[in-house]
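Thanks for coming. I will put the structure up and then walk through a few places in it.

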Amino acid sequence: MSDIVQVAEMLRGAGRVVALTGAGMSAEAGVPTFRDGGGVWKNFRPEELASPEGFARDPLRVWAWYRERRAGLARIEPHEGHRVLARWEARFESMAVVTQNVDGLHHRAGSQRVFELHGRLDETRCVACECRIVGLDDLGPDPRCACGARMRPGVVWFGELLPVDTLEAGMELARQADVCLVIGTSGVVYPAASVAEVAKQGGAAFVEINPQPGALASIADVCLRGGAVEMLTKLDDAVGR
Ligand code: APR
């Protein structure tokens, strides 16, 4: 039995499915990954660009990087793999995406049950008050709030707490899952990666979809060695509508 057929069997028998996605899920839509190939962290240190300390040290440099990423998002679209996961919300009793990605592509593909652990690039917030700006408009090189304070990206930086309710909801979905698909993540960043571990401990069948083994491959029941688009479209065909 091919791995695709085996995973399709798992999905056909499943009521509750959770997908934990990482940067590799968006790679084929044109969003750079962080740690593989020419990933972002090959050229920059995360602490410099994705931490409160980095922002305090050089806010203009950090904002310039996010401004460039936001501009890039305005030029890309979700791919068929995103759309398969969105369609599966009607196919399974419970289908949810817990994502580390901040690109909003799952929402744009039509997924309603999306738990964004690391925030959103299309949110910008004041460092001092509750003011938030939603959207990908160019806010210029040094956006300021009406209160005069600087604005920062609405994402979770290294060393910052994840949104507690979102993380808890993702963990609960993982605990209850029959199948957990771990798609396009190196699985090295916590607590996001523990969503997959909690699913495994809860008895879910654990499937990794990744051209390369991630850190969680050792606890996977099946590893589909390929890209998100190819593997999700093949699974969608095999599972049937
Ligand atoms: N399809 C599926 N997986 C892919 C594809 C693809 N087309 N292309 C690459 N990958 C895999 C890589 O093999 C790698 O394992 O995607 C993974 C990307 O790993 P990372 O770049 O480490 O991204 P991610 O796991 O999401 O990083 C987690 O780290 O920098 C922080 O906050 C950031 O959310 C991010 C977190």
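Pro-191 sits in the loop between strand S7, residues 179-183, and helix H9, residues 194-201. This is a predicted model, so please hear every value as computed from that prediction. The peptide bond between Tyr-190 and Pro-191 is cis, with omega at about 5°. Is Pro-191 buried or exposed? Neither label fits: Pro-191 has a relative accessible area of 27%, and partly exposed is the class between 20% and 50%, so Pro-191 is partly exposed. Measuring from C-alpha to C-alpha in the model, Pro-191 lies 15 Å from Arg-175, and 16 residues separate the two in sequence.

Strand S7, at one end of that loop, holds Leu-181. Leu-181 has a relative accessibility of 0% and therefore counts as buried. Leu-181 and Ala-64 are 117 residues apart in sequence, and their C-alpha atoms are 34 Å apart.

That brings me to the domains. The assignment splits the chain into domain 1, made of 3-31, 78-118 and 162-239, and domain 2, made of 46-75 and 127-155. Taken over C-alpha atoms, the centres of domain 1 and domain 2 are 29 Å apart.

Now the ligand. Which residues come nearest to the ligand? There are 22 residues around the ligand, and the nearest are Phe-34, Arg-35, Thr-185, Ser-186 and Asn-210. By type, the shell has 8 nonpolar, 11 polar and 3 charged residues. Helix H2, residues 23-27, contributes the most to the shell, with 3 residues.

Three pairs of polar atoms are worth pointing at. An oxygen atom of the ligand is 2.7 Å from a side-chain N or O atom of Asn-210. A polar side-chain atom of Trp-41 is 2.8 Å from an oxygen atom of the ligand. On the backbone side, a polar atom of Gly-24 is 3.4 Å from a nitrogen atom of the ligand. As for cover, the ligand taken alone exposes 740 Å², and the protein buries 91% of that.

Back to Asn-210 for a moment. Asn-210 lies in the loop between strand S8, residues 205-209, and strand S9, residues 222-224. Its relative accessibility is 11%, under the 20% cut-off, so Asn-210 counts as buried. Besides the ligand pair, the side chain of Asn-210 reaches the backbone nitrogen of Gln-212 at 2.9 Å.

Next, Arg-120. Where is Arg-120? Arg-120 is placed in strand S4, residues 119-126. With a relative accessibility of 16%, again under 20%, Arg-120 counts as buried. The side chain of Arg-120 makes a polar contact with the side chain of Asp-122, at 2.8 Å.

Last, a check on a helix. Helix H6 covers residues 80-91, which is 12 residues. The expected span uses 1.5 Å a residue over one less than the number of residues, so H6 should span 16 Å. The C-alpha atoms at the ends of H6 are 16 Å apart, which agrees. Which residues of H6 are buried? The buried ones are Gly-81, His-82, Val-84, Leu-85, Ala-86 and Trp-88. For reading that list, an α-helix has 3.6 residues a turn, so residues three or four places apart point the same way.

That is what I had; questions are welcome.

Definitions and conventions
Residues numbered from 1 in each chain as written. Predicted model: local features only at pLDDT ≥ 70, side-chain atom pairs only at ≥ 80, totals over all residues. Heavy atoms only, no water. Near = heavy atom within 4 Å. Polar contact = N/O pair within 3.5 Å; in protein donor to acceptor, adjacent residues only side chain to side chain. Areas by Shrake-Rupley, 256 points an atom, 1.4 Å probe, with all protein chains shown as cover. Helix = DSSP H or I, 4+ residues; strand = E, 2+ residues; numbered from the N terminus. Nonpolar A, V, L, I, M, F, W, Y, C, P; charged D, E, K, R; others polar. Buried < 20%, exposed > 50% of the residue type's maximum accessible area, 1.4 Å probe, protein only. Domains from an automatic or database assignment.
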